[in-house]
Amino acid sequence: MRVIKAKDYADMSKKAADIMAAQVLMKPECVLGLATGSTPIGLYQNLVERYQAGELDFSAVRTVNLDEYKGLPKENDQSYYYFMNDNLFSKVNIDPKNTNLPDGMEPDSNKACEDYNKIIDSMGGVDIQLLGLGHNGHIGFNEPGDSFVPDVHCVDLTQTTIEANKRFFASIDEVPKQAYTMGIRNIMFAKKILVVVSGKDKAPILKEVINGPITPKVQASVLQLHPDVTIVADEDALSMM
Ligand code: GLP
């Protein structure tokens, strides 16, 4: 794992955007694996600015997102579809037909997962997968457990995750309790992985991810086995290393 130390959130966002932008420049028809959460927002802003400056062209880029809440319609401002549209897709020249997220409104979990797995597999390999890190070490919505689930699946969100996400909803009762997420095989099959981490509150889990044992209790620890992982983290997030 390559660890790049950034000074602060803005610097982390810029350094991570450099890596994503390099991918788009090197291979304009690349497949980007994208993530939501508050951490990548600055990175997406950087990409939008580079597009506006005429430096980046997304017209041939295809994207596949990690996860989506089950039961939230696209118009809900907390759905990951809405997030991606708001932070990136509507601001660059990407073809909406080339963007993919799990269908959160498909009530049949098996169908939703099978369909999304097929989409991911049909893309011929993700060139770079962006990941944020949950406080409990989750990636996508792969929550701590007794095993690594390989493929797209429906998860019951843990109490910690529901608590962490409640700040975005009017009340905790409105936080969805389930989500569809890529599995660990889907993530590990990406050619490159880029993890963005910011803040003191992520320092203990980041230490586990980088130096701890590889265990499904800390799902992101499996990234130690991937041949091309870059972690861009700020000083606060690296303060326990
Ligand atoms: C959510 C997402 C993850 C994300 C995590 C961390 O639960 N499903 O993909 O990495 O939150 O979010 P944040 O960046 O806001 O800390």
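The legends below describe several close-up views of a predicted model.

**View 1. The largest pocket and the residues around its centre.** The largest pocket of this predicted model encloses about 750 Å³ of space. Its lining is made up of 37 residues, and those closest to the centre of the pocket are Thr36, Gly37, Ser38, Asn165 and Arg167. Three elements each give two or more residues to this lining, namely β4 (67-69), α3 (80-87) and α5. Of the elements, α3 gives the most to the lining of the largest pocket, with 5 residues. Sorted by class, the lining residues of the largest pocket comprise 14 nonpolar, 17 polar and 6 charged residues.

**View 2. Asparagine 165, one of the residues closest to the centre of the largest pocket.** Asparagine 165 belongs to helix α5, which covers residues 159-165. Is asparagine 165 buried or exposed? Its relative accessible area is 10%, and because buried means under 20%, asparagine 165 counts as buried. Setting aside residues up to four places away in sequence, asparagine 165 touches Tyr69, Tyr80, Phe141 and Val175. With one of these, tyrosine 69, the side chain of asparagine 165 also forms a polar contact of 2.8 Å. Asparagine 165 can further be set beside glutamine 78, since the two are 87 residues apart in sequence, while their C-alpha atoms are 9.8 Å apart in space.

**View 3. Threonine 161, a second residue of helix α5.** Threonine 161 lies in helix α5, the helix that also holds asparagine 165. With a relative accessibility of 4%, threonine 161 counts as buried. When neighbours within four places in sequence are left aside, the residues in contact with threonine 161 are Asn136, His138, Phe141 and Glu143. Phe141 in this list is also touched by asparagine 165.

**View 4. Phenylalanine 83 in helix α3.** Phenylalanine 83 is placed in helix α3, the element that gives the most residues to the lining of the largest pocket. Phenylalanine 83 counts as buried, at 13% relative accessibility. Which residues does phenylalanine 83 touch, not counting residues up to four places away in sequence? They are Ala35, Thr36, Gly37, Ile41 and Tyr44, and among them Thr36 and Gly37 are listed with the residues closest to the centre of the largest pocket. Alanine 35 is 48 residues from phenylalanine 83 along the chain, and the C-alpha atoms of the two are separated by 9.8 Å.

**View 5. The second largest pocket.** The volume of the second largest pocket is about 190 Å³. There are 13 residues in its lining, of which Lys74, Tyr81, Thr99, Leu101 and Pro102 are the closest to the centre. The lining of the second largest pocket divides by class into 7 nonpolar, 3 polar and 3 charged residues.

**View 6. Leucine 47 in the largest nonpolar core.** In soluble globular proteins, nonpolar side chains tend to be buried together. In this model the largest nonpolar core holds 75 residues, and Leu47 and Leu223 are the ones that touch the most other members. Helix α1, residues 9-26, gives the most to this core, with 6 residues. Apart from residues up to four places away in sequence, leucine 47 touches Ala17, Met20, Ala21, Leu56, Phe58 and Leu88.

**View 7. Isoleucine 139, in a loop between two strands.** The loop that holds isoleucine 139 runs between β6 (128-131) and β7 (153-156). Isoleucine 139 has a relative accessibility of 0% and so counts as buried. Beyond residues up to four places away in sequence, isoleucine 139 touches Leu131, Gly132, Ile184, Ile187, Gln219, Ala220 and Leu223. Leu223 is also one of the two residues that touch the most other members of the largest nonpolar core. Aspartate 156 is 17 residues from isoleucine 139 along the chain, and their C-alpha atoms are separated by 14 Å.

**View 8. Valine 126, in the loop between α4 and β6.** Valine 126 sits in the loop that follows α4 (109-122) and leads to β6. Its relative accessible area is 6%, so valine 126 is buried. The residues that valine 126 touches, not counting those up to four places away in sequence, are Val31, Leu32, Gly33, Val64, Ala190 and Lys191. Leucine 34 is 92 residues from valine 126 along the chain, with 9.9 Å between the C-alpha atoms of the two.

Definitions and conventions:
Residues numbered from 1 in each chain as written. Predicted model: local features only at pLDDT ≥ 70, side-chain atom pairs only at ≥ 80, totals over all residues. Heavy atoms only, no water. Helix = DSSP H or I, 4+ residues; strand = E, 2+ residues; numbered from the N terminus. Buried < 20%, exposed > 50% of the residue type's maximum accessible area, 1.4 Å probe, protein only. Contact = heavy atoms within 4.5 Å. Polar contact = N/O pair within 3.5 Å; in protein donor to acceptor, adjacent residues only side chain to side chain. 1 Å grid on protein atoms, 1.4 Å probe; cavity = no way out; pocket = protein on both sides within 12 Å on 5 of 7 lines; lining within 4 Å. Points joined across faces, edges and corners; volume = space filled by probe spheres on them. Nonpolar A, V, L, I, M, F, W, Y, C, P; charged D, E, K, R; others polar. Core = buried A, V, L, I, M, F, W, Y, C linked by side-chain atoms within 4.5 Å.
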